[in-house]
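Please read the following short report alongside the structure. It covers two helices and an enclosed space.

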Amino acid sequence: MNDTTIRLDGLDRVLTIEIARVTERAAVAAAMLRGRGDEKAADQAAVDAMRSELNCLDIDGRIVIGEGERDAAPMLFIGEEVGTRRGVKVDIALDPLEGTTICAKNLPNSLSVIAVAARGSLLNAPDVYMEKIAIGPGYPDGTVQLGRPAEANVAALAKAKGVPVGEITVCILDRPRHARLIEEVRATGAAIRLIGDGDVAGVIHVTDPEETGIDLYIGTGGAPEGVLAAAALLCTGGQMQGRLQLNTHEKRARAEKMGITDPTRIYTLDDMARGDVIFAATGVTDGNMLDGVRFYRDRIETHTVVMRSVSRTVREIRAKHFDRTKLGL
């Protein structure tokens with residue numbers, strides 16, 4: 001774990017395309033139910049499609065971030081083994097449908113997301129809340145930090161970017177628990193982009209502020225989503241810190257079973273994702289970075305981003321699928 005150049009030995013560049021197929025298939029399955037108001041059905045469709053495609057890959061995969069911590073089939077649970085078992089051993093973090101409510105209401109920024117990494121390279125986080133802060137690439141280390149007041153972080157980022165505070169935009173989940181945080185950020189003069197759901201997308205948006213208009217992500221969301229977002233940040237550059245919210249005995253006990261002994265630890269980006277990581281996301285609904293699935297009489301179109309940390313490459317794939325059977329339809 002001390003080697004930051006841990007590589008996916010045995011996996012070649014073809015895997016980036018194979019991983020894209022995994023999120024494409026899950027996104028299409030979920031998109032067929034978007035706007036129908038049934039979160040569970042959309043999530044289950046994405047799970048089934050993603051599992052089916054994963055099991056076609058020549059990998060020996062183990063899910064470390066999934067739909068739950070227990071063997072709660074038919075969901076993709078933590079500890080589940082996927083792939084043909086004939087290939088390299090990898091850890092997988094995934095969210096077949098990031099933003100189930102978004103999809104059910106056909107609102108922006110619902111995604112299908114996955115990260116694949118060398119065994120032992122992803123934080124095995126329990127399904128609890130995580131306090132997070134994240135910015136994109138190009139800033140000095142420590143520009144923003146958990147534990148500082150929001151005012152200090154916004155001011156530090158504005159100084160590092162060389163702009164007035166009023167030109168900084170902060171992304172925050174629109175939740176009652178963030179009411180005070182929202183007030184504190186607004187008091188600085190910075191703008192706020194409130195999102196109703198989609199924690200992974202919210203963090204990823206800071207990787208390209210010129211396109212998304214978001215400079216800083218602050219707030220408390222899911223820990224599994226934090227690890228997935230960290231994988232994307234590792235591929236593009238950026239900074240992130242996270243602190244698990246282990247505020248009950250039951251949560252601390254679950255964390256200890258995963259090897260987490262310090263409930264107050266602040267995790268850096270490298271603590272959450274390191275080494276050779278491949279990340280992919282396909283849009284289910286239209287969003288700031290990705291278009292949603294499009295259905296036509298003769299084809300289905302998808303928009304996917306695929307990133308790899310060791311090569312620092314970000315590829316956009318706009319695919320036209322003329323054979324629906326390849327998508328399990």
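This is a predicted model. In helix H2, the residues Ala 42, Asp 43, Ala 46, Val 47, Ala 49, Met 50, Arg 51, Glu 53 and Leu 54 are buried. Where H2 starts, the backbone nitrogen of Lys 40 has a side-chain oxygen of Asp 38 within 3.4 Å.

The table sets out the lengths of H2 and H4.

| Helix | Residues | Number of residues | Expected span | Distance between end C-alpha atoms |
|---|---|---|---|---|
| H2 | 39-54 | 16 residues | 22 Å | 22 Å |
| H4 | 150-161 | 12 residues | 16 Å | 16 Å |

At 1.5 Å a residue, the expected span of H2 agrees with the distance between its end C-alpha atoms, and the expected span of H4 agrees likewise.

In H4, the buried residues are Ala 150, Asn 153, Val 154, Leu 157 and Ala 158. These cover an arc of only 130° around the axis, so they lie on the same side of H4. An α-helix has 3.6 residues a turn, so residues three or four places apart point the same way. On the face of H4 turned away from the buried side are the exposed residues Glu 151 and Lys 159. Strand E5 (129-135), strand E6 (169-173), helix H5 (179-188) and strand E8 (216-222) are what the buried residues of H4 pack against. After H4 comes Gly 162, with a positive phi near 80°.

The model has 1 cavity of 30 Å³ or more. The largest cavity has a volume of about 100 Å³. Its lining includes Asn 109, His 205, Phe 279 and Met 289. Helix H6 (199-204) and strand E11 (277-283) each contribute at least two residues to the lining of the largest cavity.

Conventions: Residues numbered from 1 in each chain as written. Predicted model: local features only at pLDDT ≥ 70, side-chain atom pairs only at ≥ 80, totals over all residues. Heavy atoms only, no water. Helix = DSSP H or I, 4+ residues; strand = E, 2+ residues; numbered from the N terminus. Expected span 1.5 Å × (residues − 1). Buried < 20%, exposed > 50% of the residue type's maximum accessible area, 1.4 Å probe, protein only. Polar contact = N/O pair within 3.5 Å; in protein donor to acceptor, adjacent residues only side chain to side chain. Arc of directions from axis to C-beta. Contact = heavy atoms within 4.5 Å. 1 Å grid on protein atoms, 1.4 Å probe; cavity = no way out; pocket = protein on both sides within 12 Å on 5 of 7 lines; lining within 4 Å. Points joined across faces, edges and corners; volume = space filled by probe spheres on them.
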